[in-house]
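Student: Hey, I want to go over how the strands pair up in this one. Can you pull it up?

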Amino acid sequence: MSRKRPRLVPETFGPRGRRGPAGAREQPAGGSVRRALRELGELFPRRLFQDALPPIALKSQVYSFVPDRTTADRQLRELQEQGEIRIIQLGFDSDAQGIVFTEDFRTKTLESCRGQPFEGTVQRFLTVVLSANGDLSFQQDQMIQTFGFRDCEITQLVNAGVLTVRDAGSWWLSVPGAGRFVKYFIKGREAVLGMVRKSKYRELSLSELLGRQAPLSVRLGLPYHVHDLIGGQLLDIVPTTSGTLLRFPEI
């Protein structure tokens, strides 16, 4: 059973939302997960990737906004079934799934392949497959028999970065250029964990962490990584009278 965690301080992470009676945050129509994805999109450093990538959020980050994982997973599933978001496999961990808004995925994928020999194949994939199928992965029989792609065209999709090899005869959905993001993410996560690990008692106040000069390896920004570390249960948050404390979970 997963532990429920208090939501992060909204004024610290991302844009502020409107408040209703008694200071309660008003949730927009569509659920708290959509709002979380929008806030995480604001944190995503587009300029670092020359605006070539769609904003990518991780499930772990969503859990930092919506600590009830059952609710978060249900709302993610609803958004996926409605075609509003796509789930992609990031590859560095079996549970490392990225989330992108479908329209952002389409736009950046088309921009990345413009003028390339495989542009037509990618356009057909987006029109035929993406519109009809919300799966995270695709099988060879499905691609050939259901969607009408030849082996050489599947190879083109892999070369374009739209698909990555899962195993023989199957592929994950991917985002062109995601490899660079994954590299930055892994290095940044370890660096932020190291900042807390080296602190006295292996704990650090949230405000102090965010006020520090981030190591050069933290290219995606401290808030972006802190959402992942808390939602992924790599760090615990402890409310105190002097503010929020981050510490390593007890083993």
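Student: Okay, which residue stands opposite A57 in β3?

Tutor: I99 does. Keep in mind that this is a predicted model, where local features need pLDDT of at least 70, side-chain atom pairs count only at pLDDT 80 or more, and totals for chains, interfaces and linings use all residues. Residues are numbered from 1 along each chain as its sequence is written, and side-chain values use heavy atoms, with hydrogens and water left out.

Student: How many bridges join β1 to β3?

Tutor: There are 2, and the strands run antiparallel. Two strands pair if DSSP finds at least two bridges between them. Strands (E, at least two residues) and helices (H or I, at least four) are DSSP runs, numbered from the N terminus.

Student: What's the strand order in that sheet?

Tutor: β1-β3-β2, in an open sheet of 3 strands with antiparallel pairing. β1 (57–58) and β2 (85–89) each have a single partner strand, so they stand at the edges with one side lacking a neighbour in the sheet.

Student: And which helix packs on the sheet?

Tutor: Helix α1, residues 32–43, touching β1, β2 and β3 (contact means heavy atoms within 4.5 Å). Its direction makes about 90° with that of β3; axes are lines fitted to C-alpha atoms, for helices over the stretch in contact, and angles run from 0 to 180 degrees between N-to-C directions.

Student: Switching topic: how many residues sit between β8 and β9?

Tutor: 2, and the two strands form a hairpin. β8 (236–240) is joined to β9 by 5 bridges, antiparallel, and I237 stands opposite L246 in β9.

Student: What about β7 and β9?

Tutor: β7 (203–205) pairs with β9 (243–247) in the antiparallel sense over 3 bridges. L245 in β9 is the bridge partner of S205.
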